[in-house]
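Visitor: I have heard many terms used for protein structures, but I never know what earns a part its label. Could you show me one and explain?

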Amino acid sequence: MNIPYTVEERPDSGLANGKLGIWLFLASEVMLFGALFSTYIILPLGALNTVLLISSSVTMVMAWAMLKLHNWGRHRLYLLATFALAGIFLVNKYFEYSDHLARGEGPSHSTFLAIYFTLTGLHGLHIVGGMVVMAYLLGPGAKLWKQNPDQFTNRIEYTGLYWHFVDLVWIFLFPVLYLL
Amino acid sequence: MHSDPAGVRASLRKYVMIGAALLVFTVITVAANRLHLAVPFAITVALIIAVTKGSMVAAVFMHLSNEKKWIYGALLLTAIFFAVLMSVPFFTIMDSIGTPQPAIGVGEHPAGH
């Protein structure tokens with residue numbers, strides 16, 4: 001059975017089904033992260049990772065743009081760069097967590113650290129999720145480009161929307177958890 | 001969102017410029033933190049910069065500056081529910097049900113007379 005409106009736009013919404021679907025998913029993500037952010041409100045209240053994620057957002061949108069320009073080689077390069085930047089982000093996160101735990105600053109140490117580990121851990125899982133999708137699109141999923149280039153371009157666009165959202169969440173996590 | 005190759009080609013420079021601007025704002029955030037401002041002011045400055053950066057990501061990278069009304073509708077609903085969600089902790093602060101009342105001494109009138 002073919003899934004309708006994967007490439008062409010629905011007449012009622014003017015959108016492909018996947019586009020509306022990914023935005024509704026991101027809306028649910030806002031509520032998920034929002035619920036955890038809201039726990040921080042009642043408390044008295046790694047720049048490098050910010051640079052990595054912002055750079056990965058640029059490479060991600062360039063990966064999509066290169067498909068629109070039918071430049072397959074550049075697309076692969078930018079998508080691979082995004083994947084690599086995400087990997088370096090996780091390596092940094094590993095060192096950061098190790099340092100905290102070595103000093104006995106686990107999640108049970110304080111309310112701040114409990115929120116810190118929950119929020120950054122959940123964000124880290126989203127990074128891993130994005131990397132899994134990117135690995136698929138770099139690997140077996142890339143075959144779709146030859147069969148249906150428009151559908152493949154849409155998949156890259158939806159992956160990009162997810163990835164920019166993960167970057168956007170970090171933009172708020174960074175000052176709240178690392179600077180204030 | 002530009003779907004035609006000419007529009008996409010014209011956007012390439014914009015993507016790089018926005019990426020550079022985001023990095024500059026990150027440097028400003030870290031620099032502002034070094035000033036050791038009072039906490040309420042520091043939170044305000046940090047959130048203003050974060051909202052500016054977030055808006056740039058959403059408008060340009062996520063192409064929200066030029067989207068269909070269904071996307072805007074879904075985001076409007078999200079914003080409303082998000083505002084309600086963020087206000088929930090304040091209700092718990094204002095809620096006094098079950099909070100122990102201060103002990104009143106022997107022979108002391110509750111009104112203090």
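Guide: Here is a short talk in which each label is set against its rule.

Visitor: Before we start, what kind of model is this?
Guide: This is a predicted model, in which local features need pLDDT of at least 70 and side-chain atom pairs count only at pLDDT 80 or more, while totals for chains, interfaces and linings use all residues. Residues are numbered from 1 along each chain as its sequence is written, chains are lettered from A and ligands numbered from 1 in the order in which they are written, and side-chain values use heavy atoms, with hydrogens and water left out.

Visitor: What makes the pattern of chain B α-α-α?
Guide: Helices are DSSP runs of H or I with at least four residues, strands are runs of E with at least two, and both are numbered from the N terminus. Chain B has three helices and zero strands, and reading along the sequence gives α-α-α.

Visitor: Why is Met94(B) called exposed?
Guide: Met94(B) sits in helix 3 of chain B, residues 69-94. Buried means under 20% relative accessible area, exposed means over 50%, and partly exposed is in between (1.4 Å probe, protein chains only). Met94(B) has 59%, so the label is exposed.

Visitor: And which label goes to Asp99(A), with its 40% relative accessibility?
Guide: That value falls between the two limits, so Asp99(A) counts as partly exposed. In chain B, buried residues make up 28% of the 113 residues.

Visitor: How do you know whether His126(A) is buried or exposed?
Guide: His126(A) is in helix 4 of chain A, residues 111-138. Its relative accessibility is 8%, which is under 20%, so His126(A) is buried.

Visitor: What is His126(A) in contact with, beyond its neighbours within four places in sequence?
Guide: With contact meaning heavy atoms within 4.5 Å, the partners are Glu29(A), Leu32(A), Phe33(A), Tyr162(A) and Val166(A). In addition, a polar atom of the His126(A) side chain lies 2.9 Å from the backbone oxygen of Leu122(A).

Visitor: Why is Ala27(A) called buried?
Guide: Ala27(A), in helix 1 of chain A, has 13% relative accessibility, under the 20% limit, so it counts as buried. Its C-alpha atom is 23 Å from that of Glu8(A), which is 19 residues away along the chain.

Visitor: What makes the pair Glu157(A) and Lys19(A) a salt bridge?
Guide: Side chains of opposite charge can pair when their charged atoms come close. The rule asks for a side-chain nitrogen of Lys or Arg within 4 Å of a carboxyl oxygen of Asp or Glu. For Glu157(A) and Lys19(A) the closest N and O atoms are 3.2 Å apart, so the rule is met. Both Glu157(A) and Lys19(A) are buried.

Visitor: How many salt bridges does the whole structure have?
Guide: The search finds seven over all chains. One of them joins Asp99(A) and Arg103(A), at 2.6 Å from N to O.

Visitor: What makes Lys19(A), Glu157(A) and Glu67(B) a network?
Guide: Salt bridges link these residues. Lys19(A) also meets Glu67(B) in a salt bridge, at 2.8 Å from N to O. This pair crosses between chains, from helix 1 (residues 17-41) of chain A to the loop between helix 2 (39-61) and helix 3 of chain B. Glu67(B) is buried, and so is Lys19(A).

Visitor: How many salt bridges does the rule find across the interface of chain B and chain A?
Guide: It finds two. Lys68(B) and Glu9(A) meet in a salt bridge at 3.5 Å, N to O, and this value is within the 4 Å limit.

Visitor: How do you know the size of the interface between chain B and chain A?
Guide: The size of an interface is often given as the accessible area lost when the parts come together. Buried area is that loss (1.4 Å probe), summed over both parts. Chain B and chain A bury about 4000 Å² between them, 84% of it on carbon and sulfur atoms. Phe61(B), Met62(B) and Trp70(B) supply 15% of the area that chain B buries against chain A, more than any other three residues.

Visitor: How many residues of each chain are in contact there?
Guide: 45 residues of chain B are in contact with 45 residues of chain A.

How values were computed
Polar contact = N/O pair within 3.5 Å; in protein donor to acceptor, adjacent residues only side chain to side chain. Buried area = accessible area lost by both parts, 1.4 Å probe.
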